[in-house]
Amino acid sequence: MNTAILCVGKLKERFFREAANEYLKRLRRFGACVEIEVADLPEPANASAAQEAEVRNKEGERLLAALRPGDYVVALCVNGAQSSSEALAKRVAAWHVRGGIKRVVWVIGGSLGLSEAVVACANERLSLSAMTFPHQLARVVLLEQLYRANKIVANERYHK
């Protein structure tokens, strides 16, 4: 199955980049997996709620422009459903056999989160945890969980 990780911003810290690259390499054994990064916008100092919404909306437009017809979109957001690794693996397995899904796109917003338009277009909403993570770490955690899910689907052992 083709997978894309669609994110706002680049992984600038070397340790995040190296971790993401390692899991991308491991994931590619199960199918095409790419990262798509759209430019983030600077957050104005002491931003008002309206200014934050404007940043989210502009970043959201960039995210939406990267989607293709037929994409199955999973938005990572704080109010999304939480899932165990095993339940995520069952979803991944179901997508493999379900017709009509060309690519599963996992969307991670910037430091201010996702725009309402991006969340509204998502087929599913997922939360990695009730805790808050920086979006760079969320990307690495997502990649690791996708790797774990694919190992479970392939009935392969993976450390617990």
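## Strand pairing

Two strands pair if DSSP finds at least two bridges between them. In this predicted model, strand E1 (residues 2-8) and E4 pair in the parallel sense over six bridges. Asparagine 2 stands opposite arginine 103 in E4.

E1 also has a second partner. Six bridges join E1 to strand E2 (residues 33-38), and these two strands run parallel. Within this pairing, leucine 6 faces isoleucine 36 in E2. Strand E4 is likewise joined to E3, by five bridges, again in the parallel sense. Here valine 73 stands opposite valine 105 in E4.

## Crossovers

How does the chain get from E1 to E2? The path goes through helix H1 (residues 14-27), and this β-α-β crossover is right-handed. A further β-α-β unit is made by E3, H3 and E4, and this unit is right-handed too.

## Strand E4: buried or exposed?

E4 (103-108) is mostly covered, with six of its six residues buried. Both of its faces are covered. On one side lie Arg103, Val105 and Val107; on the other lie Val104, Trp106 and Ile108. Every one of these residues is buried. Arg103 is the residue opposite asparagine 2 in the pairing with E1. Val105 is the residue opposite valine 73 in the E3 pairing.

## Leucine 114

Leucine 114 sits in the loop between E4 and helix H4 (116-121). Its relative accessibility is 13%, so leucine 114 counts as buried. The cut-off for that class is under 20%.

Which residues does leucine 114 touch, leaving out those up to four places away in sequence? The contacts are Arg56, Leu63, Ala75, Leu76, Val107, Ile108, Gly109 and Val119. Val107 and Ile108 belong to the two opposite faces of E4. Leu63 is 51 residues away along the chain, yet the C-alpha atoms of leucine 114 and leucine 63 are separated by 9.2 Å.

## Arginine 148

Arginine 148 lies in helix H5, which spans 135-153. This arginine is buried because its relative accessible area is 15%, and buried means under 20%. Arginine 148 and glutamate 86 are 62 residues apart in sequence. In space their C-alpha atoms are 8.8 Å apart.

## The cavity

Rolling a probe the size of a water molecule over the atoms shows where empty space is left. In this structure there is one cavity of 30 Å³ or more. The volume of the largest cavity is about 130 Å³. Its lining counts 14 residues, and Met1, Thr3, Leu27, Val92 and Asn150 lie nearest the centre.

Which elements each supply at least two residues of this lining? They are helix H3 (85-97), strand E4 and helix H5. H3 gives the largest share, three residues. By class, the cavity lining has 10 nonpolar, four polar and no charged residues.

## The largest pocket

The largest pocket holds about 540 Å³ of space. It is lined by 21 residues. Nearest its centre are Leu76, Cys77, Val78, Gly113 and Phe133. Leu76 is also one of the residues that leucine 114 touches.

Strand E3 (71-81) and H5 each supply at least two residues of the pocket lining. E3 gives the most, with four residues. The lining divides into 12 nonpolar, nine polar and no charged residues. H5 thus appears in the linings of both spaces: that of the largest cavity and that of the largest pocket.

## Asparagines with positive phi

Most residues other than glycine have a negative phi. Asparagine 46 has a positive phi of about 50°. This residue is found in the loop between E2 and helix H2 (49-65). Asparagine 46 counts as exposed because its relative accessibility is 81%; the class begins over 50%.

Asparagine 155 also has a positive phi, near 60°. Its place is in the segment after H5. With a relative accessible area of 74%, asparagine 155 is exposed.

Technical notes. Residues numbered from 1 in each chain as written. Predicted model: local features only at pLDDT ≥ 70, side-chain atom pairs only at ≥ 80, totals over all residues. Heavy atoms only, no water. 1 Å grid on protein atoms, 1.4 Å probe; cavity = no way out; pocket = protein on both sides within 12 Å on 5 of 7 lines; lining within 4 Å. Points joined across faces, edges and corners; volume = space filled by probe spheres on them. Nonpolar A, V, L, I, M, F, W, Y, C, P; charged D, E, K, R; others polar. Right-handed = clockwise from strand over helix to strand, strands pointing away. Buried < 20%, exposed > 50% of the residue type's maximum accessible area, 1.4 Å probe, protein only. Contact = heavy atoms within 4.5 Å.
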